[in-house]
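These are my notebook entries on a single protein chain. I set out to look up a helix, a pocket and the overall dimensions.

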Amino acid sequence: MGRFVYSMQVSLDLRIEQVPGDNGAGEWLRIDEELHREANARTRGLALMVHGRVFYEVMEEFWPRTHEDPSLPDFMHEYGEIWTAKPKVLVSHTRHSADHNTRVIGGDDAIEQLATLRAETDGSISVGGATLATQLLRAGLLDELMLWTHPAILGFGRPLFDDYDLPIELDLLEQQTFNQGVTMHRYTIRDAKESS
């Protein structure tokens, strides 16, 4: 059985964006070469990536075209190649096709289809997008959090989960510190673990 891992860049107060629609481009993020190379390696090791529509469309707009821009550093070219080639699932009610090795899942039973996908997959499945992660959390299907915490308190902005106010008990699996003061903590979600 696979494990759904919600990996997200967050501030110290667990905000994922300060301005609606900044789509991971906030100035509070400290993503340097060291951090990017670690993310590249972890993404390369994934069995599959599952994205919500908004997250997917941000990614598909930029990463498949990085090879066309020689001004970008090689670690960004590398991530563009990884993202484009990696098997992906787009969860959407409005899109019916996608490029870049992507399968589309939609309809009223999308979460049930994702549960089947998890059962049939070996390895980690990254989850991209707060809306999708929240739906998986509510369904008891979200297994892990991988939080890349940047040294900033935003004070306001979009939280890690959408409209979710129940306690979540976690167990720390791994932690790592980067030169820019960013830390990565990977947690297993107790309820998901117990229901697996």
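I began with helix α5, which covers residues 130-138. I looked up its buried positions and found A130, L132, A133, T134, L136 and L137. The general geometry helps in reading such a list: an α-helix has 3.6 residues a turn, so residues three or four places apart point the same way. I then checked what follows, and just after α5, G140 adopts a positive phi of about 75 degrees. I note that the model is a predicted one.

Next I turned to the second largest pocket. I recorded a space of about 210 Å³ for it. Its lining consists of L14, L145, L147, P159, L160, F161, Y164, D165, L166, I168 and L170. I sorted this lining by residue class and obtained 10 nonpolar residues, one charged residue and no polar ones.

I then looked up the chain as a whole. I count six helices and 10 strands in its secondary structure. The C-alpha trace spans about 45 × 35 × 30 Å along its principal axes. I compared the radius of gyration with the expectation for a compact globule: for 196 residues the expected value is near 16 Å, and the chain agrees because its value is 16 Å.

My last entries concern burial, surface and contacts. Of the 196 residues, 44% are buried. The chain exposes about 10100 Å², with 50% of that area supplied by carbon and sulfur atoms. Taking contacts between residues at least 6 apart in sequence, I find that 70% join residues at least 24 apart.

How values were computed. Residues numbered from 1 in each chain as written. Predicted model: local features only at pLDDT ≥ 70, side-chain atom pairs only at ≥ 80, totals over all residues. Heavy atoms only, no water. 1 Å grid on protein atoms, 1.4 Å probe; cavity = no way out; pocket = protein on both sides within 12 Å on 5 of 7 lines; lining within 4 Å. Points joined across faces, edges and corners; volume = space filled by probe spheres on them. Nonpolar A, V, L, I, M, F, W, Y, C, P; charged D, E, K, R; others polar. Helix = DSSP H or I, 4+ residues; strand = E, 2+ residues; numbered from the N terminus. Rg over C-alpha atoms; globule rule 2.2 N^0.38 Å. Buried < 20%, exposed > 50% of the residue type's maximum accessible area, 1.4 Å probe, protein only. Contact = heavy atoms within 4.5 Å. Areas by Shrake-Rupley, 256 points an atom, 1.4 Å probe, with all protein chains shown as cover.
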